[in-house]
Amino acid sequence: MTLFGKISTEIGVHATAEKWYNLFATQLHHVQNLADRVHGTKLHQGEDWHHNESIKHWTYVIDGKVTTCHESIESVDEANKTINYKLFGEEIDDKFKVFRLIFQATDKENGKAIIKWTIEYERVGEEVEPPYGYIEYVHKCTSDIDGHLLKA
């Protein structure tokens, strides 16, 4: 059995791809106020939420359990409205050697969009389950956030 994997989900949303990308590219700190499963976040290292060298600390709920991690931005592709995040920290590193979360917003007809979340991972061993709970988490957060972006 391979320890490497990739899981993706695509979610149709009502807000535009531009609104979605803008939130994650310039207002990431607001996500904690928009998604029920995000309990809090703070800037752990650095002075700018969107600088590649900054590290954020997140507290959220995965599989019914409060979980924490650190996150940094690996790359931003403005033209394709894509952001690659690296997740790490004790609760991630105990299970995964590599854990990347990739956000992409794509325009759809009628001003709507598709949000694609991809998780690329390498497990530390076969006893570690793939991170399916994270796909459920981003799916639920996407629904929560879409309602707020429509009101904005």
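On a 1 Å grid laid over the protein atoms alone, a cavity is a set of points where a 1.4 Å probe fits but cannot get out, whereas a pocket is an open set with protein on both sides within 12 Å along at least five of seven lines; residues with an atom within 4 Å of a point count as lining. Grid points are joined across faces, edges and corners, and a volume is the space filled by probe spheres set on the points. The model examined here is predicted, and for this reason local features need pLDDT of at least 70 and side-chain atom pairs count only at pLDDT 80 or more, while totals for chains, interfaces and linings use all residues. Residues are numbered from 1 along each chain as its sequence is written, and side-chain values use heavy atoms, with hydrogens and water left out.

The structure holds 1 cavity of 30 Å³ or more, and the volume of the largest cavity is about 290 Å³. Its lining is made up of 18 residues, of which Phe-24, Trp-58, Leu-101, Trp-117 and Tyr-137 lie nearest the centre. With helices (H or I, at least four residues) and strands (E, at least two) taken as DSSP runs numbered from the N terminus, S3, S4, strand S5 (82–88) and H4 each supply at least two residues of this lining. The largest share, 6 residues, comes from H4. In a scheme where Ala, Val, Leu, Ile, Met, Phe, Trp, Tyr, Cys and Pro count as nonpolar, Asp, Glu, Lys and Arg as charged, and the others, Gly among them, as polar, the lining of the largest cavity divides into 16 nonpolar, 1 polar and 1 charged residue.

The largest pocket has a volume of about 280 Å³ and is lined by 15 residues, with Ile-62, Asp-63, Lys-95, Phe-96 and Tyr-134 nearest its centre. Two or more lining residues are given by each of strand S4 (65–77), helix H3 (90–93) and helix H4 (132–151), and H4 gives the most, with 3 residues. By class, the lining of the largest pocket has 8 nonpolar, 2 polar and 5 charged residues.

Two of the residues nearest the pocket centre, Ile-62 and Asp-63, can be described further. Ile-62 lies in strand S3 and, at 8% relative accessibility, counts as buried (under 20% relative accessible area, with exposed over 50% and partly exposed in between, for a 1.4 Å probe and protein chains only). The C-alpha atoms of Ile-62 and Glu-136 are separated by 8.2 Å, although these residues are 74 residues apart along the chain. Asp-63, placed in the loop between S3 and S4, counts as exposed at 61% relative accessibility, and its phi is near 55°, a positive value in a residue other than glycine. A positive phi, near 50°, is also found for Lys-81, which lies in the loop between S4 and S5 but counts as buried at 15% relative accessibility.

Aromatic pairs were sought across the whole structure, with rings of Phe, Tyr and Trp (its six-membered ring) pairing if their centres lie within 6.5 Å, and with planes under 30 degrees apart counted as stacked, over 60 as edge-to-face and the rest as tilted; the search finds 10 such pairs. The rings of Trp-20 and Phe-24 have centres 6.2 Å apart and planes at 5°, so this pair is stacked. Both residues lie in helix H1 (residues 17–26), 4 residues apart, about one turn of the helix, and both Trp-20 and Phe-24 are buried. The rings of Tyr-60 and Tyr-134, by contrast, have centres 5.9 Å apart and planes at 70°, so the pair is edge-to-face. Because Tyr-60 lies in strand S3 (residues 55–62) and Tyr-134 in helix H4, the pair ties together parts that are 74 residues apart in sequence. Tyr-60 and Tyr-134 are both buried, and ring pairs link them with Phe-96, Phe-99, Tyr-121 and Tyr-137 into a cluster.

As for the annotated region, an unreviewed UniProt entry lists residues 2–152 as "domain: Bet v I/Major latex protein". Over residues 2–152 the chain is 25% helix and 46% strand, and the end C-alpha atoms are 44 Å apart.

Definitions and conventions
UniProt positions renumbered as here; feature names shortened; annotations may be inferred.
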